[in-house]
Amino acid sequence: MKSQAIMVCCVMLFLATESSHPRTKIHIKDGDKLQGPEGKPKTGKMQEKCQGLCSTSSNCSQPCAQHFHGEIGFTCSGNKWQKSIETCTSLSVEALFKGSNSASRLSIAAPFIPLHILDFRAPEPIKSVAHGIRKNCPLDFACIVDTVKSSEATSGNIAFIVEILKNISTDLSDNVTREKMKSYSKVANHILDPAVIPNWAFIPDKNASSDLLQAVNAFARRLRIYHEPEHIVDELFIQTKGFPINHNTQGRSFNFSSNVSNTTEGILGIVEIPSQELWKLPPNASLAISIAFPTLGAVLKEAHLQDEDLPRPVNGLVLSVILPEELKQILLTFEKINRPRNARAQCVGWHSSRRRWDESVCETALDVANRAKCRCNYTNAVTSFSILMSPRSIDNKVLDYITCIGLSSSILSLILCLIIEATVWSRVVVTEISYMRHVCIVNIAVSLLTANVWFILGTNFNRKAQDYNWCVAVTFFSHFFYLSLFFWMLFKALLIIYGILVVFRRMMKSRMMAIGFAIGYGCPLVIAVTTVAVTVPGRGYTRHGACWLNWDDTKALLAFAIPALVIVAVNLVVVLVVAVNTQRPSIGSSKSQDLAIIMRISKNVAILTPLLGLTWGFGIATLLQGTSLIFHIIFALLNAFQGFFILLFGTIMDHKIRDALRMRMSSLKAPSRVAENASLSPTNGSKLMHR
């Protein structure tokens, strides 16, 4: 018996030593380095990055560090190896319950138990997480918490923990108590810390964040509260509250204050259940639960539709609600995380089956500088809500009114300009240069009129959110006709140079027309088609939420901004050249008629070019983040009234056109003088040209 007692004591000493020996803790940051017990970086067996030549779109992989299973994938980008995926994990089902098995063996090896009873066979293998929890900690799930919290939150471990939570939600949600919900939330909180958020990007399964949200909501749905309102979970990055409700309950609300990082102040979120909704409940008590996630929005990946090529940043808490089926509408208030000036908040709900934010389930009731209030419809498919940030979308009634009134004025002005040109055409096209001048005016008016029509179609498209191909078509024609406006202005400047430099030789009218249309429509067509061909395959042609050239990703807008601003600069230089050359005395009277026409063209270009240049100069300024609202208003004013400017400075202020109109009106009033006024003598025409 004495020898048996000694043997038992030896066994106890061995097991106690094994269980209490401090294991070396492995820390891995982005799969690159290891941290030993002293906190000093150690090099693992794997290389930090792939070796060898890096060619575009090529891939390679490296093994994980010691004690980790999986691999790290790299993709060549910009002639450098960039980490793309990681599956390194130190967790396993066996590792989760290893401590529990050792404790079980230690309790068996007690000195009062005879040695022949001791069973040193291997413990029964744990088949699944649910099996291990049922065996070791069925009442509170606490046996897995310490192991998970002590693990490094690598991308592989994050994915493994998400699977753990999914399995628990599926297999162990029959009787969810407050203690179980606390343990469950501690596990989830470990992978929602802001310090590990960057590691989510390297998880191969891009639906992991959506799976996490759905698993937490499904587990919380089975939670039971029988007494007073409870603050069930109060972790840093996941909070849960709940209370019983019935049809006699007054309007209730959940108030949350959570940190989106370890340094920022709390961001507020409020869930309100209106009294009129509570009246729909039966007399017996029901349960209302709400969960707040301050950091989950940063990793929640949308399954994009084909016409959505840009992520939409979440700008508030993600608030989940678990309510009785009778309740259909709730009110939510979100404090904004980022508060750029003039940003617009979009209230949304997360559609669990589509895995994307749904704008149709919510409407924005209030949107001020620091918070937004939403009215949302609650369904079984949409139980989580938040606000999205649109930093470059300015929703202001002043801009809407300016655009509406300005475009109407612009379109009417351009139509009137074309009518006037058609009325006086035969009286004003005296020489080749004057003929081409009015051809330019007509084509400038037609280009801007058509561009305005496509702009209106694009605005209506934005509100109706139709398909991507239609948006590409709207953007293409808007781009093409706005460019045509500028290239016809360039051709007018070339006419000025031609009129000054060419004295003894004149070009045929047909050749001038061919050159004019090649410049006015050919060049814009080449630029517009090239832009489409380069950017459409990668869905970088249009902006997110607007049918206009993309700026954020491909800088496609430069295909409009650069030609337009270069033409503005060239035209201003031409005007200066004219100002210098017209100071010289004219040679012969035959030159004076063309000189008068050139002066009129120069005045026209000198006025319209700065206006057009200023217009699109302010347009570029509105793309910069944080631009003041006054820039948007100035751009809207100048852009909307371009047609009126062309009518005023290109047509009405031309005294030759006014004289021709006056003569046309006189011919209508005095039919007997039509022939006389219609056929001006050369002497009268010369006097008219010199006026």
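Here are some friendly notes on this predicted model, going from the overall picture to single residues.

1. Let's begin with the whole protein. The model contains 20 helices and 20 strands. Of its 691 residues, 47% are buried. The accessible surface comes to about 34,200 Å², and carbon and sulfur atoms account for 59% of that area. Among contacts with a separation of 6 or more, 72% are between residues 24 or more positions apart.

2. Next, the nonpolar interior. The largest nonpolar core holds 60 residues, and Ile133, Ile144, Ile168, Trp200, Leu212 and Phe293 have the most contacts inside it. Apart from this core lies another one, made of 55 residues, including Trp454, Tyr482, Tyr521 and Ile646.

3. If you would like one residue to click on in the 60-residue core, try Ile168. Leaving out residues up to four places away in sequence, isoleucine 168 touches Val129, Ile133, Phe141, Ile144, Ser173, Tyr184 and Phe219. Two of these partners, Ile133 and Ile144, are also on the list of residues with the most contacts in that core.

4. Strand E14 deserves a look. The strand spans residues 344-351, and seven of its eight residues are buried. Its antiparallel partner is strand E15 (residues 356-358), joined to E14 by three bridges. Within this pairing, glycine 349 stands opposite aspartate 358 in E15. The hairpin has four residues between the strands, and one residue here, arginine 355, takes a positive phi near 55°.

5. Arginine 355 also turns up among the charged pairs. Its salt bridge is with aspartate 211, where the closest N and O atoms are 3.0 Å apart. Because arginine 355 sits in the loop between E14 and E15 while aspartate 211 belongs to helix H8 (residues 208-221), the pair ties together parts that are 144 residues apart in sequence. Aspartate 211 counts as buried, because its relative accessibility is 10% and the cut-off for buried is under 20%. The two residues belong to a network of salt bridges that links Glu163, Lys166, Asp211 and Arg355.

6. The count of salt bridges comes to 10, and two others are worth a visit. Glutamate 277 pairs with lysine 280, with the closest N and O atoms 3.0 Å apart. Glutamate 277 is buried, at a relative accessible area of 7%, whereas lysine 280 is partly exposed at 42%. In the other pair, glutamate 363 meets arginine 375, and their closest N and O atoms are 3.1 Å apart. Glutamate 363 lies in strand E16 (residues 362-367) and arginine 375 in strand E17 (residues 371-377), so this salt bridge ties together parts that are 12 residues apart in sequence. Glutamate 363 counts as partly exposed at 44% relative accessibility, and arginine 375 counts as partly exposed at 31%.

7. Two loop residues come next, beginning with asparagine 315. Asparagine 315 is in the loop between strand E11 (286-293) and strand E12 (318-322). Is this loop residue buried or exposed? Asparagine 315 counts as buried, because its relative accessibility is 3%. Residues up to four places away in sequence aside, asparagine 315 touches Glu335, Lys336, Ile337, Asn338, Ile387, Leu388 and Met389.

8. Serine 151 is the other loop residue, placed between helix H5 (145-150) and helix H6 (155-171). Serine 151 also counts as buried, at 10% relative accessibility. Its C-alpha is 7.4 Å from that of serine 90, although the two serines are 61 residues apart in sequence. Beyond its neighbours within four places in sequence, serine 151 is in contact with Leu91, Asn157, Ile161 and His190.

9. Finally, a look at the outside. Which residues form a nonpolar patch on the surface? They are Leu558, Ile562, Val566 and Val570, with about 300 Å² of accessible area together. Leucine 558 is in helix H14, which covers residues 558-581. With a relative accessible area of 34%, leucine 558 is partly exposed.

Methods: Residues numbered from 1 in each chain as written. Predicted model: local features only at pLDDT ≥ 70, side-chain atom pairs only at ≥ 80, totals over all residues. Heavy atoms only, no water. Core = buried A, V, L, I, M, F, W, Y, C linked by side-chain atoms within 4.5 Å. Buried < 20%, exposed > 50% of the residue type's maximum accessible area, 1.4 Å probe, protein only. Contact = heavy atoms within 4.5 Å. Patch = residues over 30% accessible without salt bridge, like charges linked within 9 Å, V, L, I, M, F, W, Y side chains within 5 Å. Areas by Shrake-Rupley, 256 points an atom, 1.4 Å probe, with all protein chains shown as cover. Salt bridge = Lys/Arg side-chain N within 4 Å of Asp/Glu carboxyl O. Pairing = 2+ DSSP bridges.
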